[in-house]
Amino acid sequence: MVGGKWIGSSRNPARAEARREPRRGCSGDTTTEDRIDAPPVSTASDGTLVATTDDEASPTTASDGDVRPLRLRLWAEPTTAEIVAGVTTAVYSFGAEVIDGDPGSVTASGSYLGPTLHLQTGQRVQVEFENRLDDECIVHWHGLVVPQDQDGQPAEAVAPGALYDYDFTVTNDPGTYWYHPHPHMRTGEQVYRGLAGLIVIADTDGDLPDGDNDLSLVLQDRTIDADGELRYLSTMHDSMAGFVGDTLVTNGVADLEVSVRREPYRIRLLNGANSRTQYLTWSSGDAVHVVATDGNLLPETVTVDGLVVTPAQRSDLWIDFSTFEPGEHVELLTADTFVGAGGRSGMTLDSRTAATFVIEDTDPAPGTVPTTLGRPPTFGPDDAVNRDAPKQFILSTRRAAHRINDTQWEGRVVTDVETVEANTVELWEFVNQSPMPHPMHLHGEAFRVVSRTWDDDRLADAWTNISHGVIETGLRDTVLVWPGQRVQIAARFADHLGYFLYHCHILEHEDDGMMRNFLVV
Ligand code: C2O
Ligand code: CU
Ligand code: CU
């Protein structure tokens, strides 16, 4: 195909022209390219709907008055890192530099993780992405609401050495988001080898700790062999259940220690693991205060004994270190959640340390748990156009393949239930008929979790082991669907027309094909 044409920006030809070529690598689905001048939706010979368009409704070139635009260079490259002290490991890593804009917009992670990108609501962001890997790649901004051609979908993956130019406006509220690659069948391995980074959209007001008291933790796991090399997918079980590494790696290093003053902190947590749904507690026995989930402030702080986070989910914590003594160690502990016999759920008793906070010798400056936080959008099931007839998405594992409605990845081919109207709310029901949990993610706007039900009461009982740690009072972009459950969500679809992904965020399931598109018309 001809490079550049797929950019499809009929509304902004100048922008399309400015792009350098060649742009992209291989991709099975040429539907969009072939039909770029056709009407937005048409029916393929097999009766499925196919779309063709870019988004007309949301200009990506304008910026809100005062927000300084940002231009970045971002690349993915092979390099080395010291994940375990004294051991050199070959990794992939994102690097970035500011071409134009606030130089503080990119802060190094100090590890294989990509730099944190500090963005602002209303900001125009231009990113020149360069794929320096020996593998196709594309970058997805997980949680950001952007047009189809800015979303970093598998169809946009670029070949080794090629470039992809992004140009979008940040419309999300302040919060914690992340970026990671999304080439089809390669995401799990690329993230595992190191390609992931945080996006922080700063609050401009509010009561939460900021500046030095605003920390981030990216929780991952890796298996590093005696030669210091990363091991990935050595057994069939790894691909079916999802890969679990034997070493906990936080912010890119094993045994992370962070020193903190005796003050309240905000800790932005990302579960960046490929497949591990974890249960987090404080070693001190203190309750866990959660102030935001998946980029959205909660209406009120939720306080729990332990917190469940699935892959890709973010949870922002509030903790007051003033209650500890100088020199004291406070550990963030993580246990694995599991599904046992008969769907019984639980977590392992042998929690391990994900990060250690060492209390500095400072004057204590106690704070109080913030109560009222944000005002997340209030849309819900009553706003759904299909209020009385939720669309069903059956999650299953058949013939050694993870499936959605008994289908797998088909590129830009969608069914009726996968076709939605812009600016509407729909009720979707994920029905998990497989023996393992699936954290289901929708690209685009965050959604509201409406209900969890069971066809079998015994499974409902089993869920109570971990349900206290599942926080869904705000919005989510990734929802845990436990075996035997029906989870209903009210999803709102923005005005970006075209194809967007929904998939299991266990990356081995996604790569196996437990990923499809929905089409916004
Ligand atoms: Cu984290 Cu399809 O994304
Ligand atoms: Cu995403
Ligand atoms: Cu899954």
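Let us begin with one ring: Phe-430 has a relative accessibility of 0% and therefore counts as buried, since the cut-off for buried is under 20%. Keep in mind as you look around that this is a predicted model.

Phe-430 has a partner in Phe-393, which is likewise buried, with a relative accessible area of 0%. A pair of aromatic rings is described by the distance of the centres and the angle of the planes. For Phe-393 and Phe-430 the centres are 5.8 Å apart and the planes make an angle of 50 degrees, which gives a tilted pair. Phe-393 belongs to strand β25 (residues 391–398) and Phe-430 to strand β28 (residues 424–432), so this pair ties together parts that are 37 residues apart in sequence.

Phe-393 has another ring to meet. Its centre lies 5.4 Å from that of Tyr-502, and because the planes stand at 75 degrees, this pair is edge-to-face. Here the link spans 109 residues, from Phe-393 in strand β25 to Tyr-502 in strand β34 (residues 498–504). Tyr-502 is buried too, with a relative accessible area of 0%. Which residues are linked into a cluster by ring pairs? They are Phe-393, Trp-428, Phe-430, Phe-493, Phe-500, Tyr-502 and Phe-518. Across the structure there are 24 aromatic pairs. A ring can also meet a charge: the charged end of Arg-448 sits over the ring of Phe-379, 5.8 Å from its centre.

Strand β34, where we met Tyr-502, leads us on to a sheet. This open sheet has five strands in the order β27-β35-β34-β29-β32, and its pairing is mixed. At its edges are β27 (419–420) and β32 (478–481), each of which pairs on one side only. Strands of a sheet pair through backbone hydrogen bonds, either parallel or antiparallel. In the case of β29 and β34, the two run antiparallel and are joined by three bridges. Met-440 has Cys-504 in β34 as its bridge partner.

Cys-504 also takes us to a metal. Through its SG atom, Cys-504 coordinates the copper ion (ligand 3), together with ND1 of His-438 and ND1 of His-509, at 2.0 to 2.1 Å. Along the sequence these donor residues follow the spacing H-x65-C-x4-H. His-438 is in strand β29 and His-509 in helix α6 (residues 507–512), so far along the chain that 71 residues separate them. Are these two histidines buried or exposed? Both His-438 and His-509 are buried.

Another copper ion (ligand 2) has His-140 and His-441 as its protein donors, each through NE2, lying 2.0 Å from the ion. His-140 comes from strand β8 (residues 139–142) and His-441 from strand β29 (residues 438–442), so the pair ties together parts that are 301 residues apart in sequence. With a relative accessibility of 1%, His-140 counts as buried. His-441, also at 1%, counts as buried as well.

Now turn to strand β9 (residues 163–169). Seven of its seven residues are buried, so this strand is largely enclosed by the rest of the structure. In a regular strand the side chains alternate between the two faces of the sheet. In β9, one side carries Leu-163, Asp-165, Asp-167 and Thr-169 and the other carries Tyr-164, Tyr-166 and Phe-168, and both faces are covered. Strand β7 (residues 124–131) pairs with β9 in the antiparallel sense over seven bridges. Within that pairing, Val-127 stands opposite Tyr-166.

Next come the nonpolar cores. The largest has 34 residues, and those with the most contacts inside it are Leu-217, Ile-267, Trp-282, Leu-307, Phe-321, Leu-332 and Phe-357. Leaving aside residues up to four places away in sequence, Leu-332 touches a set of residues including Leu-217, Leu-269, Trp-282, Ala-355 and Phe-357. Another core, of 32 residues, lies apart from the largest one and has Leu-70, Leu-133, Val-139 and Ile-201 among its members.

We can finish at Ser-467, a residue of helix α5 (residues 457–467). Ser-467 is partly exposed, with a relative accessible area of 24%. Its C-alpha atom is separated by 9.4 Å from that of Ser-345, although the two serines are 122 residues apart along the chain.

Conventions:
Residues numbered from 1 in each chain as written. Chains lettered and ligands numbered in written order. Predicted model: local features only at pLDDT ≥ 70, side-chain atom pairs only at ≥ 80, totals over all residues. Heavy atoms only, no water. Core = buried A, V, L, I, M, F, W, Y, C linked by side-chain atoms within 4.5 Å. Buried < 20%, exposed > 50% of the residue type's maximum accessible area, 1.4 Å probe, protein only. Contact = heavy atoms within 4.5 Å. Helix = DSSP H or I, 4+ residues; strand = E, 2+ residues; numbered from the N terminus. Pairing = 2+ DSSP bridges. Donors = N, O, S within 2.8 Å, 3.2 Å for Na, K, Ca; no water. Phe/Tyr/Trp six-rings, centres within 6.5 Å; stacked < 30°, edge-to-face > 60°. Lys NZ or Arg CZ within 6 Å of the ring centre and 35° of its normal.
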